[in-house]
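Please look over the sequence and the structure below before reading on. The paragraphs that follow go from one helix to another, and then to what lies between and around them.

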Amino acid sequence: MAGMEYIFHGNVQGIGFRAHVKKKASELGITGWVKNMDDGSVKAVFSGDPEMISILEAYCRKIPLSEITSVDSIPADNCKFETFEILK
């Protein structure tokens with residue numbers, strides 16, 4: 001199991017971005033969470049098979065109506081989640 005933390009910058013709030021991420025993560029067997037940040041970005045932590053995490057990251061870059069300007073990513077430790085959640 002691998003874990004990655006992402007911050008997606010650009011037009012990513014108010015367009016269903018988090019719901020798209022949750023749906024795709026569930027399809028790929030990825031656990032973790034996604035949430036809107038006060039600065040207009042979206043932060044996410046993905047835990048699971050490294051190949052599936054890569055697929056999910058690529059999917060996030062193509063979510064309808066989103067316009068990603070940049071993505072920050074770092075490896076995340078202690079990523080043990082039961083499900084994938086949208087946090088408030």
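**Following the buried faces**

In helix α1, the buried residues are Phe17, Val21, Ala25 and Leu28. Around the axis they cover an arc of only 65 degrees, which puts them on the same side of α1. The general background is that an α-helix has 3.6 residues a turn, so residues three or four places apart point the same way. This model is a predicted one, and its helix can be checked for length: at 1.5 Å a residue, the 12 residues of α1 should span 16 Å, and the end C-alpha atoms are 17 Å apart, which agrees. The buried residues of α1 are covered by elements that include β1, β2 (31–36), β3, α2, β4 and β5 (84–87). After α1 comes Gly29, which has a positive phi, near 75 degrees.

Helix α2, which runs over residues 50–60, can be read in a similar manner. Its buried residues are Ile53, Leu56, Glu57 and Cys60. Seen down the axis of α2, these buried residues fall within an arc of 100 degrees, so they line one face of the helix. They pack against β1 (2–11), α1 (17–28), β3 (42–48) and β4 (67–75). At the start of α2, the backbone nitrogen of Glu51 has a side-chain oxygen of Asp49 within 2.9 Å.

What, then, of the largest nonpolar core, and which of its residues touch the most other members? The core has 19 residues, and those that touch the most other members are Phe8, Phe17, Val21, Ile30, Phe46 and Cys60. Two or more residues are given to this core by each of β1, α1, β3 and α2, and α1 gives the most, with 4 residues. In soluble globular proteins, nonpolar side chains tend to be buried together. Val21 offers an example, for, leaving aside its neighbours within four places in sequence, Val21 is in contact with Val34, Phe46, Leu56, Cys60, Ile63 and Phe84.

Two further residues are worth a look. Is Ser47, whose place is in strand β3, buried or exposed? Ser47 has a relative accessible area of 2%, and therefore counts as buried. The side chain of Ser47 reaches the backbone oxygen of Cys79 at 2.7 Å, and, beyond four places in sequence, the contacts of Ser47 include Gly29, Ile30 and Ile53. Gly16, by contrast, sits in the loop between β1 and α1, and counts as partly exposed because its relative accessibility is 35%.

Terms used:
Residues numbered from 1 in each chain as written. Predicted model: local features only at pLDDT ≥ 70, side-chain atom pairs only at ≥ 80, totals over all residues. Heavy atoms only, no water. Buried < 20%, exposed > 50% of the residue type's maximum accessible area, 1.4 Å probe, protein only. Arc of directions from axis to C-beta. Contact = heavy atoms within 4.5 Å. Polar contact = N/O pair within 3.5 Å; in protein donor to acceptor, adjacent residues only side chain to side chain. Core = buried A, V, L, I, M, F, W, Y, C linked by side-chain atoms within 4.5 Å. Expected span 1.5 Å × (residues − 1).
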